Amino acid sequence: MRDLDQRITTCTRCARLVEWRAEVSRTRRAAYRDQEYWGLPIPGFGPGDARIAIVGLAPGAHGANRTGRVFTGDRSGDVLTSCMYAAGLADQPTSTGPGDGLELIDARLLCAVRCAPPQNRPSADEQAACHPFLVEELSRLPLQVIVALGQLAWNAAHGALTDLGHPVRPRPRFSHGGSYAAGPVTVLGSYHPSQQNTFTGRLTPDMLTRVLVRAATIAGADGDSG
């Protein structure tokens, strides 16, 4: 994974994203004015032998793009980490930055797109440019479950599994709590823990925790039977 992480963090394929992540890092949000932003692509985080991959869309401009760790330093990361802790997939309920002691348990966090995009909307070309990283990272895991956080992550996971030799056609429709099997991997869907979803009640911590508990149960049951 170290070689892959290095190639991810030095990637400059998408000019728009390179410019945007650098601009955000220069101007900064007022609350973080005294902090140095990471301002580079974001590698995955979690053990390299995880059986569960939790896939988001892209880093937050003032979250992972600031801290350098996926789903860390913003409200989406706060919600996800607390729910992972409740599901037994993290050893503490908070994620503030590298060095905070957080360790994930049998789960690895990653994004389909590794750079923070303007308005949280990567283009189709940018998603395609980053796709090989997703395929390679998933291929290196003893994968049993993918939790896709949102429609675009669901689509990206489906594409990656197809490239890895586990096509499912037609592509199953995304829904919160939806699932399908692709070869040895079970894909679970959840709404993304964005502020828009959590503030409106479309996604509650209990809803997300139930999906993560299901992922842990599937991975644990499969692992015990093997």
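**Exercise 1.** In this predicted model, work out which strands stand at the edges of the five-stranded sheet and why one side of each has no neighbour.

*Solution.*
Step 1. Write down the strand order: the open sheet runs β2-β1-β3-β5-β4, with mixed pairing.
Step 2. Look at the ends of that order. β2 (107-111) and β4 (179-182) are the edge strands; each has a single partner strand, so one side of each lacks a neighbour in the sheet.
Step 3. Add the twist. On average, neighbouring strands of this sheet are turned by 20° against each other, direction ignored.

**Exercise 2.** Describe how β4 is joined to β5, and state which helix lies across β1, β2 and β3.

*Solution.*
Step 1. β4 and β5 (residues 185-190) run antiparallel and are joined by four bridges.
Step 2. Take one bridge: Tyr-180 has Val-187 in β5 as its partner.
Step 3. The helix is α5 (residues 124-139), which lies across β1 (52-56), β2 and β3 (145-149) and runs at about 170° to β2.

**Exercise 3.** Decide whether Ser-76 is buried or exposed, and place Ser-76 relative to the largest pocket.

*Solution.*
Step 1. Locate the residue: Ser-76 belongs to helix α4 (residues 75-86).
Step 2. Apply the cut-off. Buried means under 20% relative accessible area; Ser-76 has 12%, so Ser-76 is buried.
Step 3. Turn to the pocket, whose volume is about 940 Å³. Its lining has 36 residues, and those closest to the centre are Ser-76, Asn-120, His-192, Ser-194 and Gln-195.
Step 4. Check the contacts. Leaving out residues up to four places away in sequence, Ser-76 touches Phe-71, His-192, Pro-193, Ser-194 and Gln-195.
Step 5. Sort the lining: 16 residues are nonpolar, 15 polar and five charged.

Technical notes:
Residues numbered from 1 in each chain as written. Predicted model: local features only at pLDDT ≥ 70, side-chain atom pairs only at ≥ 80, totals over all residues. Heavy atoms only, no water. Helix = DSSP H or I, 4+ residues; strand = E, 2+ residues; numbered from the N terminus. Buried < 20%, exposed > 50% of the residue type's maximum accessible area, 1.4 Å probe, protein only. Contact = heavy atoms within 4.5 Å. 1 Å grid on protein atoms, 1.4 Å probe; cavity = no way out; pocket = protein on both sides within 12 Å on 5 of 7 lines; lining within 4 Å. Points joined across faces, edges and corners; volume = space filled by probe spheres on them. Nonpolar A, V, L, I, M, F, W, Y, C, P; charged D, E, K, R; others polar. Pairing = 2+ DSSP bridges. Axes fitted to C-alpha atoms, helices over the stretch in contact; angles between N-to-C directions.
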